[in-house]
Amino acid sequence: MKEEHIFEAITDFAINECMTKTLLENQLYQEVQSQIGSQIELFDKLNLEKEKWLVVDRLVSLHTESGALYGRIAYQQGYKDCVALLQAMNLIKAS
């Protein structure tokens with residue numbers, strides 16, 4: 001299995017299996033989710049025309065996608081950095 005595939009598998013497992021529980025237990029994350037809910041309510045009250053609403057929706061969706069991708073890449077980079085550190089300390093062999 002190629003190294004990139006290994007990091008993808010680890011990331012998928014961590015995101016799908018571990019992060020949900022971690023996020024549900026994180027107070028700061030829950031506060032941000034609550035603020036998002038409040039802003040959605042305010043946004044709904046704007047009664048924007050469908051065309052304007054779709055532009056805003058697409059912009060928010062792209063920001064969300066960008067943030068998720070950033071998190072995924074940062075998570076994988078953290079694993080790569082950990083592997084490099086363990087190799088430098090001769091605790092694991094370089095392949």
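In the predicted model, N47 is exposed, with a relative accessible area of 65%. This asparagine lies in the loop that joins α2, residues 27-45, to α3, and its backbone adopts a phi near 50°, a positive value in a residue other than glycine. A second asparagine, N90, likewise carries a positive phi, of about 60°, although N90 is not a glycine. N90 belongs to the segment after α3, and its relative accessible area of 68% places this residue in the exposed class.

Between the loop that holds N47 and the segment that holds N90 runs helix α3, which covers residues 50-88. The helix comprises 39 residues and reaches 56 Å from its first C-alpha to its last, a span close to the 57 Å expected at 1.5 Å a residue. After α3 comes N90, with its positive phi near 60°.

A nonpolar patch of about 490 Å² is present on the surface, and its contributors are L46, L48, W53, L54, V56 and V60. Of these residues, W53 is found in helix α3. The tryptophan is classed as partly exposed because its relative accessible area of 36% falls between the 20% limit below which a residue is buried and the 50% limit above which a residue is exposed. This value also lies over the 30% relative accessible area that patch residues must have. With regard to helical geometry in general, an α-helix has 3.6 residues a turn, so residues three or four places apart point the same way.

The cysteines were examined for disulfide pairing, and the count comes to zero disulfides. C18 takes part in no disulfide, since the nearest cysteine sulfur, that of C82, is 15 Å away, whereas a disulfide would require the two sulfur atoms to lie within 2.5 Å. The converse holds for C82, which is in no disulfide and for which the nearest cysteine sulfur, that of C18, is 15 Å away. In terms of solvent accessibility, C18 is partly exposed, with a relative accessible area of 36%, and C82 is also partly exposed, with a relative accessible area of 38%.

Conventions. Residues are numbered from 1 along each chain as its sequence is written. This is a predicted model: local features need pLDDT of at least 70, side-chain atom pairs count only at pLDDT 80 or more; totals for chains, interfaces and linings use all residues. Side-chain values use heavy atoms; hydrogens and water are left out. Patches are made of residues with over 30% relative accessible area and no salt bridge: like charges are joined within 9 Å, nonpolar side chains (Val, Leu, Ile, Met, Phe, Trp, Tyr) within 5 Å. Accessible areas come from the Shrake-Rupley method with a 1.4 Å probe; for residues, only the protein chains shown count as cover. A salt bridge is a side-chain nitrogen of Lys or Arg within 4 Å of a carboxyl oxygen of Asp or Glu. Helices (H or I, at least four residues) and strands (E, at least two) are DSSP runs, numbered from the N terminus. Buried means under 20% relative accessible area, exposed over 50%, partly exposed in between (1.4 Å probe, protein chains only). The expected span of a helix is 1.5 Å times one less than its number of residues.
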